[in-house]
Amino acid sequence: MSRLDVDTYTIDDMTIHRVVELVAPFMPATEMLPALTSEVLDENRGWLGSQLAENNYFVLTYQSFVVRTPHHTVVVDTGLGNDKDRGRPEWHRKTDDQFLSGLARVGVRPEDVDYVICTHLHADHVGWNTRLVQGRWQPTFPRARYILHRDELAATAGRHRESGDQPYADSILPILDAGLADVVDEDFSIGDHGRLLLTAGHTAGHVAVRFGRRRDRVVFSGDLLHVALQIRYPELSFFKDLDPRAAAVTRRAFLERYAETDTVCCTGHIPTSGPATVRRRGDGFALAASRGT
């Protein structure tokens, strides 16, 4: 695999680094978004560009974000991870150094990180919470506090008790056992810069993460948005959303909240070449290149 780029930009008194771990086709568009019709897909094919691969597969970017505030270094979501048993071939027992070398390229060592915030606890967002060291899963960020929303942790732990949940076993439980987890509600904050926004629907306790002194200057949407077509048509829910109707309502409310503002929106899986803000487009929305950041 070729080396993937790391984007860096400054917003007010913060520095944002986007660290890309993997770019790969995921699944056919109309299977991934069950309410999507072939007609609507064809109408939007031109502007989707490289986000739509052969056989109408959506391409996903697996990425994490590092936020440097004046006082803290924060990682938002930790991607796929290495050496982990996963159901998808491109996720399964990876051995590349894309993530850790990406951190190194922006001057961040694992021990420099103060907080890791998980928007939710799916496999492709918690993988680098831990790494395999002498046959045991150890926290990747040994000095960090790992921030887990209370409802999200309860739902995931319950699923693990009922039927087993491999990401919980290898990427969450070792963090709990190490005493590094802070189980929080949506009123959690990091100084005067970091805050949560409950965006349940994709999962029970999914959160977006907001940064900025006294106001939202950048927001990380996690899996509230998987592909750009969901920005144009917020009613298109992901096939694995826990509650598709709630996810659609939450998605539109989120986009309305930030439409026509200067808040930069960073998504979990949509590739962007720099800061982007939400703009209205008909009955939906679009991401547009941001100015003045």
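Lys and Arg are counted here as positive and Asp and Glu as negative, while His and the chain ends are not counted, and each charge is placed at NZ of Lys, CZ of Arg, CG of Asp or CD of Glu. Select those atoms to begin: the mean positions of the 34 positive and 40 negative charges lie 4 Å apart. This is a predicted model, in which local features need pLDDT of at least 70 and side-chain atom pairs count only at pLDDT 80 or more, whereas totals for chains, interfaces and linings use all residues. Residues are numbered from 1 along each chain as its sequence is written, and side-chain values use heavy atoms, with hydrogens and water left out.

Next, show the cartoon, where eight helices and 16 strands appear (DSSP runs, H or I of at least four residues for helices and E of at least two for strands, numbered from the N terminus). Along its principal axes the C-alpha trace spans about 50 × 40 × 40 Å.

Now colour by burial (buried means under 20% relative accessible area, with a 1.4 Å probe and protein chains only): buried residues make up 57% of the 293 residues.

Then select the largest nonpolar core, a set of buried Ala, Val, Leu, Ile, Met, Phe, Trp, Tyr and Cys residues joined through side-chain atoms within 4.5 Å; this core has 25 residues, and Val 116 and Phe 141 have the most contacts inside it. Helix H3 (98–105), strand S8 (145–149), helix H5 (150–163) and helix H6 (166–177) each give two or more residues to this core, and H6 supplies the largest share, three residues.

Finally, centre on Val 116, which, leaving aside neighbours within four places in sequence, is in contact (heavy atoms within 4.5 Å) with residues including Val 75, Asn 129, Phe 141 and Tyr 146.

Technical notes:
Buried < 20%, exposed > 50% of the residue type's maximum accessible area, 1.4 Å probe, protein only.
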